[in-house]
Amino acid sequence: MSRIAAVLIPMPLPEAFDYAEPEGMALSVGDQVRVPLGPRDVRGVVMALREAAGGNRPLKPVSERLDEPPLPPGTLAFVQWAGRYAADLPGAPLAIALRGARAPPPRPMRLLRAPGVAPARATPARARVLEVLPDTGLSGADLSRAAGVSAGVVKSLLDEGVLSVEFAVESRSFGRHEPALPGAELNASQAAAAAELGGMVRATGFQVALLDGVTGSGKTEVYLEAVAAALAAGPEGQALILLPELALPQAVIARVAGRFGAEPGEWHSGVAPPARRRVWEGVASGDCQIVVGARSALFLPFRNLRLIVVDEEHDGSFKQEEGFIYHARDLAVARGRIEGAPVVLASATPSLESLRNAETGRYRWLRLAARHGSARMPDIDLIDLRETPPETGRWLSPPLVTAMAETWARGEQSLLFLNRRGYAPLVLCKACGERLRAPDSDTWLVEHRYTGRLVCHLTGFSMPKPAACPHCGAKDSLTAIGPGVERLEEEARGLFPDARIAVFSSDTVFDAREARRMVQTMAQGEIDILVATQAAAKGHNFPNLTLVGVVDADLGLRGGDLRAGERTYQLLAQATGRAGRRDRPGRALIQTYAPEHPVMQALKAQDRDAFVAAEMAEREAAGLPPFGRLAAAILSGPDDFQLEAFARTMAEAAPNAQGVIVYGPADAPLGLVRGRRRKRFLVQAGREGDLSAYMAAWRARVRPPGAIRVTLDIDPYSFL
Ligand code: ADP
């Protein structure tokens with residue numbers, strides 16, 4: 001009896017395709033295979049196998065079963081669930097799940113002299129290679145560099161067998177983690193929370209806990225105890241710790257390594273492909289027990305996942321906005337349900353979604369109300385910029401400057417927080433009033449002085465700053481409007497010429513190593529004033545940092561969407577929460593033009609609960625998340641007229657469903673991106689409605705012309 005394999009291919013295709021299983025191949029569900037697709041052979045995964053009923057049309061056979069780890073059943077189920085949830089094609093999440101598997105394998109570590117093999121042909125270049133090669137070996141690149149010869153010379157010696165390759169076999173394995181090593185001695189409320197989490201892990205089965213503790217309360221220490229319980233749950237227990245993309249995983253990795261005696265697998269955009277493959281294979285084989293990673297780590301092929309932690313669960317970067325659109329916090333909960341594993345969501349400022357689930361008892365709610373040890377929460381004051389404005393062309397108000405001077409005089413550190421990269425967010429021509437825009441998008445160009453360029457932060461487009469206005473041709477007329485971190489640094493240098501000042505943003509700290517260096521320098525007290533975007537606002541403990549100045553608290557409230565208040569509260573609570581981590585009391589000053597705004601009042605009073613209650617009431621009245629559900633359809637195309645016509649077709653095709661309201665089409669606030677016009681629909685439904693199914697059904701009813709793209713966004717976080 002022959003069998004049919006349903007093979008899912010990691011490409012935008014509507015479904016798994018059927019192939020015949022060749023005699024003797026003995027496929028299993030989850031196997032990675034090669035199958036013919038049109039003129040090519042492509043990689044795919046066996047999703048199901050069934051007996052062939054007679055009389056079917058002949059199917060093409062599977063070409064090859066790849067000698068690579070199969071995807072475990074939980075990963076397959078998760079990929080299918082994620083595709084359905086996002087109302088996207090199932091190949092899209094599969095492509096993410098296979099990302100590490102398809103990376104090139106780790107390269108051989110070193111070349112050695114093969115004993116007893118002489119070169120067939122002796123040339124000066126070859127002789128030099130053998131001369132400089134130490135007994136301990138070198139990598140191919142280092143060897144050709146040391147000998148001053150081309151890579152071809154080294155390769156020819158390798159081909160001849162004069163050199164041999166030694167693979168770094170040991171380094172491919174992850175060390176065993178040791179759950180029984182002692183952790184920090186927990187205080188009473190930490191111990192109570194850790195005991196609850198440990199109980200959840202040991203009980204096995206899906207449950208969600210919200211670990212809700214103020215900044216510095218020791219949430220990491222607590223969830224590491226849950227990780228210990230997961231490792232101890234069985235010889236092959238695995239745990240996943242998800243972090244926001246911007247937060248630096250190094251601090252958590254170091255703590256994991258310190259706590260369990262071995263490095264965890266690291267998974268984020270900064271990890272090179274061979275290292276990714278090592279993690280992917282280690283996770284699939286069970287050799288890698290703990291992964292610390294960004295959102296896509298959720299798609300790794302865990303064999304025996306016993307715990308998922310989502311740290312800083314409120315963070316906006318858990319939402320993937322391009323390609324396959326998903327929210328990693330929501331998918332983490334889904335993966336936990338599929339794997340039968342507990343999920344811990346940790347934050348000092350949880351999302352309203354998670355707080356609502358905690359309030360209604362769907363999630364367990366574990367609170368840590370105070371900082372660990374003698375550290376106290378900082379005092380927070382508002383600076384009313386209408387009463388004490390900065391001088392013209394300056395951004396730091398007199399009370400903030402005074403506080404900085406006092407802090408410096410005490411030998412303590414200040415942090416100026418401004419969530420704006422570059423020198424100035426806008427460049428304007430004094431002669432004609434033109435504001436410089438990106439050529440292909442609805443965005444202002446941001447001036448970056450360190451590089452002398454104007455940059456579009458949406459698409460990455462950049463150009464040298466022109467000497468004359470591109471509109472009217474006036475010379476030296478372009479003026480920087482408003483502050484970015486570079487401009488603040490300039491102002492701080494003017495005020496404190498002898499202070500050591502540094503800028504921490506994704507432009508100045510571009511990789512993990514640089515970030516580690518900057519964090520270390522700051523922690524060792526070698527910086528007096530740190531000017532930072534949110535890249536530095538969270539996660540770090542700087543013991544000597546006692547003053548945080550928020551330069552423009554109103555920034556996130558302008559042009560706000562439904563989460564503007566919530567996001568501003570979260571960001572500023574995190575930023576101000578950097579102050580006063582040890583015995584020295586900390587202070588935060590918040591510059592605002594709207595001190596009466598509920599967000600500012602809540603920050604000052606450190607009364608999160610009152611703020612959350614007010615926000616919840618507003619959302620409930622409007623039927624917005626977490627009380628109702630939203631989805632968006634974004635249409636884009638190069639031609640206005642065609643887009644307009646298709647938007648009308650799409651509006652007419654919207655299915656009728658009880659309790660579902662479709663708003664739009666409307667011009668998107670970001671009406672032009674990379675030369676494509678954009679329109680949006682917003683869909684609102686009650687909590688119980690299956691919006692994913694609704695959106696998928698809607699999309700199936702229309703056939704967009706080739707140039708038009710339709711993107712569906714379930715639970716949108718961006719409304720631009
Ligand atoms: P959070 O994640 O809640 O902001 P962390 O877990 O980072 O807090 O803890 C804040 C600081 O306090 C860290 O430097 C941490 O090592 C320290 N800390 C927290 N709990 C303990 C404890 N029980 N014993 C020793 N140090 C602790």
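In which strand is Lys 319 found? Lys 319 belongs to strand E13, which covers residues 319–320. The model is predicted, and its protein chain contains 20 helices and 31 strands. The chain is as compact as a globular protein of its length, because its radius of gyration of 28 Å is close to the 27 Å that the globule rule gives for 720 residues. The points below cover the whole chain, then two charged residues, then backbone geometry.

**Whole chain**

- The C-alpha trace spans about 85 × 75 × 70 Å along the principal axes of the chain.
- Of the 720 residues in the protein chain, 52% are buried.
- Counting contacts between residues at least 6 apart in sequence, 75% join residues at least 24 apart.
- The exposed area of the protein chain is about 31200 Å², and carbon and sulfur atoms supply 53% of that area.
- The chain carries 84 positive and 82 negative charges, and the mean positions of the two sets lie 3 Å apart.

**Lys 319**

- Lys 319 has a relative accessible area of 3% and is therefore buried, the cut-off being under 20%.
- The side chain of Lys 319 reaches two backbone oxygens: that of Asp 715 at 2.9 Å and that of Ile 714 at 3.5 Å.
- Both of these residues are also among the contacts of Lys 319, together with Asp 713, Pro 716 and Tyr 717.
- Beyond that stretch, and leaving aside neighbours within four places in sequence, Lys 319 is in contact with Arg 295, Ile 325, Tyr 326 and His 327.

**Arg 50**

- Arg 50 is located in strand E4, residues 40–51.
- The relative accessibility of Arg 50 is 39%, so this residue counts as partly exposed, a class that lies between the 20% and 50% cut-offs.
- The side chains of Arg 50 and Asp 18 are joined by a polar contact of 2.6 Å.
- Apart from residues up to four places away in sequence, Arg 50 touches Ser 2, Arg 3, Ile 4 and Asp 18.
- Ala 254 is 204 residues from Arg 50 along the chain, and their C-alpha atoms are separated by 47 Å.

**Cis peptide bonds**

- Most peptide bonds are trans, and most residues other than glycine have a negative phi.
- Pro 625 and Pro 626 are joined by a cis peptide bond, with omega about 5 degrees.
- Pro 626 sits in the loop between helix H18 (608–622) and strand E28 (628–637).
- Gly 664 and Pro 665 are likewise joined by a cis peptide bond, with omega about 10 degrees.
- Pro 665 is placed in strand E29, residues 661–673.

**Positive phi outside glycine**

- Ala 87 is a residue other than glycine with a positive phi, near 50 degrees.
- The loop that holds Ala 87 runs between helix H1 (73–85) and helix H2 (91–97).
- Is Ala 87 buried or exposed? Ala 87 counts as buried, because its relative accessibility is 7%.
- Asp 476 also has a positive phi near 50 degrees without being glycine.
- Asp 476 lies in the loop between strand E22 (462–464) and strand E23 (478–481).
- The relative accessible area of Asp 476 is 67%, so Asp 476 is exposed, the cut-off for that class being over 50%.

Conventions
Residues are numbered from 1 along each chain as its sequence is written. This is a predicted model: local features need pLDDT of at least 70, side-chain atom pairs count only at pLDDT 80 or more; totals for chains, interfaces and linings use all residues. Side-chain values use heavy atoms; hydrogens and water are left out. Helices (H or I, at least four residues) and strands (E, at least two) are DSSP runs, numbered from the N terminus. Buried means under 20% relative accessible area, exposed over 50%, partly exposed in between (1.4 Å probe, protein chains only). Contact means heavy atoms within 4.5 Å. A polar contact is a pair of N or O atoms within 3.5 Å; within protein, one must be able to donate a hydrogen and the other to accept it, and residues adjacent in sequence count only if both atoms are side-chain atoms. The radius of gyration is taken over C-alpha atoms; the globule rule is 2.2 Å times the number of residues to the power 0.38. Accessible areas come from the Shrake-Rupley method with a 1.4 Å probe; for residues, only the protein chains shown count as cover. Lys and Arg count as positive and Asp and Glu as negative; His and the chain ends are not counted. The place of a charge is taken as NZ of Lys, CZ of Arg, CG of Asp or CD of Glu.
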